[in-house]
Every structure is written in C-alpha cells, then in structure tokens.
Amino acid sequence: MNHQKIIVNYLKFAEKGLFILGLSFFSGIFSPESMGTILPEIFVSFIRFSLWGIFTFLIVLVWQDAIAIINRNKILFILSVLAYFSFIWSELPDYTLLNARDIWMMTTFALYFAIRFSFKEQIKIITYTLLIGMFMSFIFVYAFPGIGRHWVDHPGAWKGVYGHKNYLGSLMVLSSLAFLSLSKDSLLIYRWGGFALSLFFILLSTSRTSLVLCFLLLSIISFYKNFRWQGKVSVIFLDLTILFLGCISLLVFTYWVELITGLGRDPTITGRTIIWEVAFNRLMERPFLGYGRGAFWAPKSNYAFEATQAIGTGWVPPHGHNGFIDTALDIGLIGLLLFFICYFRTFAKALKFGYASNKPEEIWPLAYLIFLIINNITESCLLYQPNIYWVLFITIAFTLSNKSHYHTLGFQPPQSALLKQSQKKRKLITS
C-alpha cells in the first residue's frame, strides 16, 4: 500500500514538473534570443516535440472530457482550427504549415491543464514556473551577461532568460498577478515574497510599459474587490469601462512625455504607429482571412521589409506590436471577430465567477483577462508563435466551462453579503 502511495505521489510530482516545463517553454526561455543560443538545437527540438507528443497522448486518454469541453467552446475551437489551417491561403504556406504545430501543442496543453487542475492548483504551478524563471534570469544576468542583459539598444536593462526587457517586464506583471491570486492557505512569505520579487524584476527590466501596466492592474483589482457587490448591472458596466479606460491609460501613462512634448523618444510611440499604418494598409488588401498565421512578419517577408523601410532605422519588426492587428493579419477580420466573441464570453463567465466568491484564486480569471487585453495594446501576445499568454487564455476558457471543477457559475453574492442583507431586513422589521 505504501509503495502504491509513493508511486502515485511520484506521478503527481512528475506531472506538475511536466506542466512547469511546458509553461517555461511557452514563456520563451528556450528561444533563439535566450537559452537557445547556448543549448544545442536538437535539445530544444526534443523538448518541443516531447511536449507535443506527450500532451496529445494524454488528451487521447481523457478524450471524453476533452470533447465535452470543446463542445462547450465551439467558437474557440473554430478559431483554433482557422489558425491551424491558415497555411491553405497563407502568403508563405510552408512557413505557416511548419508552425501550425504550435496551435496544436498549445491547445492540447491547455485542454489537459484545464481538465487536471482547478484554478487554485493552476496558479500554484504558474507561480512555480515564473519563480524558477526569475532565479534563472538572475543567474544568466551574471553568468551569461550577453544573454541576460541588453548592451546596445537598451544598455544595462535586464532581459533574463526571456529574450527582451519588455517580455521580462510583461511576464513579471503576470507573475505579480499570479502571486496575489494564490489561495489564502498559501504561505504568506511565499505569496508576498514572490510578489515583491516580481516588482523588483519589473524595475530591473526598465520596461516603463510593464511598470504602468502593473500599477493599473493592481488599482483595478483593488477597486473591483471593494465595489463588485454594488449590483449586477453596475458591475458589468463598471468592468467594461475599466477595460476601455485601462487600454487608454496604458498608452497615456506610458508615453505621456512623448504625447505632450514629442521629446526623448520617437513621437510616433517608438515607431509603433508607423508599423500599424503599414499593417492596416496591407490588411485592407486581404481583410477576411488575412495572410496566414505568422506569414506577414516571417523572416525575409516583403511586408516586414516594407515596415522596416517605413520606419527608416534598419530595424526589422518581428511582429506588429499589437496583438489584435497581428491576429487580423494572421487570420483576417473573421478570425479577430471570433477571438472577441470568445474573449467576451469568457470575460462574462469570469465576471460571474469572481462576483460569487471572496477567494483570491477565483478572481484570477478576471484579473488575467483584463491583463491580456491591455497588454496586447502595445505587444503581440495572442497567436504570435507558441506563447504562454494564449495558453493561459484558452486554459481559463476551458476551465470555466469544465463542469467537473465548477458545476455552477451563479451570479450570487457571497455569504457575507447575504448576511448583511438579512441583518438590514431584521432591523427594518424590528423598527
């Protein structure tokens, strides 16, 4: 009996280790801009194909649960299929087909993640992953400074094992949210220590956008916790207003110097508006299905070269620095519309879910969805390459519809709110 228990515990530990490896891979630590520069290419390929094969096999084992979740997320499944088969109309079909495996890998990973773990357990695994990333980043900054720091374009800024300072900053914003969303039974030193470390790395990344985004998100979460019980309709309008104002605030607070004076940086928001103008003009030529996933900004793409010429600095943009524009370029306005339908349906579920609970881990879906939409205003973190942001988005969508974890998502206030209401009624009756 003891041997069986040891084996079961070992398998659980190995399973969590597999998820940590997968999330680390999706976070980009094995990319050519990071650890991929010192690791043999065959090793990185082995990790990629191992994850692809293992999670495909695991989904086959739980195929009934997987089909049930897909059936409840038909539009998200159609969106994934559209991205996968976009090589059919892609401008660079071979490139798009080669990278179609990313869609399959992210989807199977997210499906199994949602089936196996509740939000409480998912958040723990996410914090373990990002904490390991922080320690590895610290080591690389000093042991491999050519990888861990910027030297030419952003002298002294930390990028750790994530390839760029902005990506490090963005992941640390995600890390701060994850640590704050840990359940109340988590160790306080782990929760607040991880949160403090996340803020420390944001500062070392010198990413102003990440710093502003972190401040905005913490303000939003604090505001939501204090005012979410005011009423169903008011909460809905409040959260939609927060989404809109959050997006505007990110641009204003991040680039306020440039917007007011035009000094210090490129007045076109470090070239982003030039890239967006080129992208918009080209999108109008193929508006419905786009250019195929990744084709527009692919290496040696004529469109990327056109954006380079427009910027005039010789820098070749790897993406459009806006997740919504890039999604439209990949799979057209049809794909972008499908994404927004999926997003707002998931947002509504997350809003109901967070409204019905005082547990921090159950506010995580709403916090993450707000982070995702605001973060994609200035970065491309949706369907761009294999990435942790898309994985977590579809994981949340799948988990919210996984009835084995959550049988109801009722729009009911917590017991404390009901108690207060009953006390008020008693006072009225007695008076």
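Histidine 321 has its place in the loop between helix 15 and helix 16 (323-355), in a model that is predicted. This residue has a positive phi of about 55 degrees although it is not a glycine. Most residues other than glycine have a negative phi. With a relative accessibility of 11%, histidine 321 counts as buried, because the limit for that word is a value under 20%.

Histidine 319 lies in the loop between helix 15 and helix 16 as well, and at 9% relative accessibility histidine 319 also counts as buried. A polar atom of the side chain of histidine 319 lies 3.1 Å from the backbone nitrogen of histidine 321. Which residues does histidine 319 contact, leaving aside its neighbours within four places in sequence? They are Ile275, Trp297, Asp326, Glu379, Ser380 and Tyr384.

Another residue that is not glycine but has a positive phi is glutamine 385, where the value is near 50 degrees. Glutamine 385 belongs to the loop between helix 17 (364-375) and helix 18 (388-400), and its relative accessibility of 42% makes it partly exposed.

**Charged pairs**

Side chains of opposite charge can pair when their charged atoms come close. How many salt bridges does the count come to? The count comes to 7 salt bridges, and the table lists three of them with the distance between N and O atoms.

| Residue | Partner | N to O distance |
|---|---|---|
| Arginine 286 | Glutamate 91 | 2.3 Å |
| Aspartate 102 | Arginine 293 | 3.8 Å |
| Aspartate 185 | Lysine 120 | 2.9 Å |

In the salt bridge of arginine 286 with glutamate 91, the side chains meet at 2.3 Å, N to O. Arginine 286 lies in the loop between helix 14 (272-283) and helix 15 (302-311), and glutamate 91 in the loop between helix 4 (74-84) and helix 5 (93-98), so the pair ties together parts that are 195 residues apart in sequence. Arginine 286 is partly exposed at 24% relative accessibility, and glutamate 91 is partly exposed at 36%.

Aspartate 102 and arginine 293 form a salt bridge whose closest N and O atoms are 3.8 Å apart. This pair links distant parts of the chain, since aspartate 102 is in helix 6 (residues 100-116) and arginine 293 in the loop between helix 14 and helix 15, 191 residues apart. Are these two residues buried or exposed? Both aspartate 102 and arginine 293 are buried.

For aspartate 185 and lysine 120, the closest N and O atoms of the salt bridge are 2.9 Å apart. Aspartate 185 sits in the loop between helix 9 (165-180) and helix 10 (188-205), while lysine 120 is in helix 7 (residues 119-143), so this pair ties together parts that are 65 residues apart in sequence. Aspartate 185 is exposed, with a relative accessible area of 55%, whereas lysine 120, at 30% relative accessibility, counts as partly exposed. Elsewhere, Arg48, Asp102 and Arg293 are joined into one network by salt bridges that share partners.

**The nonpolar core**

In soluble globular proteins, nonpolar side chains tend to be buried together. The largest nonpolar core here has 115 residues, of which Trp364, Tyr368, Trp390 and Phe393 touch the most other members. Helix 16 gives the most to this core, with 14 residues. Not counting residues up to four places away in sequence, phenylalanine 393 touches Leu76, Phe339, Cys342, Tyr343, Thr346, Tyr368, Leu369 and Leu372.

Methods:
Residues are numbered from 1 along each chain as its sequence is written. This is a predicted model: local features need pLDDT of at least 70, side-chain atom pairs count only at pLDDT 80 or more; totals for chains, interfaces and linings use all residues. Side-chain values use heavy atoms; hydrogens and water are left out. A salt bridge is a side-chain nitrogen of Lys or Arg within 4 Å of a carboxyl oxygen of Asp or Glu. Helices (H or I, at least four residues) and strands (E, at least two) are DSSP runs, numbered from the N terminus. Buried means under 20% relative accessible area, exposed over 50%, partly exposed in between (1.4 Å probe, protein chains only). A nonpolar core is a set of buried Ala, Val, Leu, Ile, Met, Phe, Trp, Tyr and Cys residues joined through side-chain atoms within 4.5 Å. Contact means heavy atoms within 4.5 Å. A polar contact is a pair of N or O atoms within 3.5 Å; within protein, one must be able to donate a hydrogen and the other to accept it, and residues adjacent in sequence count only if both atoms are side-chain atoms.
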